[in-house]
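Could you walk me through this fold, starting from a single residue and working outwards? I'd like the cut-offs spelled out as we go.

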Amino acid sequence: MPSETATAIAYVGAFVGLIGGGVALFNSWKAVCWKRAELANTYLQDFNNNAELVFAGRCLDWNGGKLVLPESLRPYMPDGAHFIQHDRRVFARALRPDLQVAEMDEDPRIQIYRTSMDSFLSWLCLVASALDRKLFLVADIQDVGYWVAKIQSEIVIHPFIVAYGYQENIEKLIRLYRTRQSPYKNWVFPINLEFDRGKQKNDS
């Protein structure tokens, strides 16, 4: 009888130990998930709190109208203006890989667009690198999928992406957000040809 009691106690102890181990593993997994989500949120906060990155996003989203200039980009304007008239034709010209330095003096918006898009693509590359190192998962930073889909629709950016070394990381983001399960997997923007329509209007 005493041996049976000891055996029962041992089984109960083992069972409690298994439960305790399972709870510990679950809590550890929750902590890892929380840390991933917190880091991903930091990346999004960096974007939302950086006026230059927000400006670049608006350049992609809008086809015209006035855009408020971030303070860091105002020195490019000869009169220190606080806004610019967004022009898709100038935007397309600014992102030409073969743009000459002298051309930047013809319109201050050229350097403004080019500088802001360079910052924007650099931020996306940082996100791609973090995802590659599994610092967080696509599920932790879904909002980036919007910009990945948007960039796919913006054909004027593609030569710039290739020419200045962004292609590998952008293609990595496309694979992660557009070919795997993601809220933005099937998100479609019309191909933006606004700059072509403006060019044709001017030529006619």
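Ser116 is buried, with a relative accessible area of 0%; buried here means under 20% relative accessible area, exposed means over 50%, and partly exposed is in between (1.4 Å probe, protein chains only). This is a predicted model, where local features need pLDDT of at least 70 and side-chain atom pairs count only at pLDDT 80 or more, while totals for chains, interfaces and linings use all residues. Residues are numbered from 1 along each chain as its sequence is written, and side-chain values use heavy atoms, with hydrogens and water left out.

Ser116 sits in helix α4, residues 108-132. Helices and strands are DSSP runs, with H or I over at least four residues for a helix and E over at least two for a strand, numbered from the N terminus. The Ser116 side chain reaches the backbone oxygen of Tyr113 at 3.0 Å. That is a polar contact, meaning a pair of N or O atoms within 3.5 Å; within protein, one must be able to donate a hydrogen and the other to accept it, and residues adjacent in sequence count only if both atoms are side-chain atoms. Setting aside neighbours within four places in sequence, Ser116 is in contact (heavy atoms within 4.5 Å) with Glu52, Phe55, Ala56 and Leu73.

Three of those names lead to α2, where Glu52, Phe55 and Ala56 are among the buried residues. In fact 8 of the 11 residues of α2 are buried, so this helix is largely enclosed by the rest of the structure. At its N-terminal end, Asn50 acts as a cap, with a side-chain oxygen 3.0 Å from the backbone nitrogen of Glu52. Back in α4 we also find Asp118, which is partly exposed at a relative accessible area of 33%. Asp118 and Ala56 are 62 residues apart in sequence, yet their C-alpha atoms are 9.0 Å apart in space.

Now for the nonpolar side of things. In soluble globular proteins, nonpolar side chains tend to be buried together. Here the largest nonpolar core has 56 residues, and Phe120, Leu121 and Ile141 touch the most other members; such a core is a set of buried Ala, Val, Leu, Ile, Met, Phe, Trp, Tyr and Cys residues joined through side-chain atoms within 4.5 Å. The helices that each supply at least two residues of this core include α1 (2-48), α2 (51-61) and α4, and the largest share, 13 residues, comes from α4. Leaving out neighbours within four places in sequence, Leu121 is in contact with Ile151, Ile157, Phe160, Ile161, Tyr166 and Ile170.

Two of those partners turn up again where α5 meets α7: Ile151 is among the α5 residues there, and Ile170 among those of α7. The axes of these two helices come within 10 Å and cross at roughly 115°; axes are lines fitted to C-alpha atoms, for helices over the stretch in contact, and angles run from 0 to 180 degrees between N-to-C directions.

What about the loop between α3 and α4? Glu103 is found there. Glu103 is buried too, with a relative accessible area of 13%, and its side chain reaches the backbone nitrogen of Gln100 at 2.9 Å.

Zooming out, the chain comes to 8 helices and 2 strands, running α-α-β-β-α-α-α-α-α-α from the N terminus on. Of its 204 residues, 39% count as buried.
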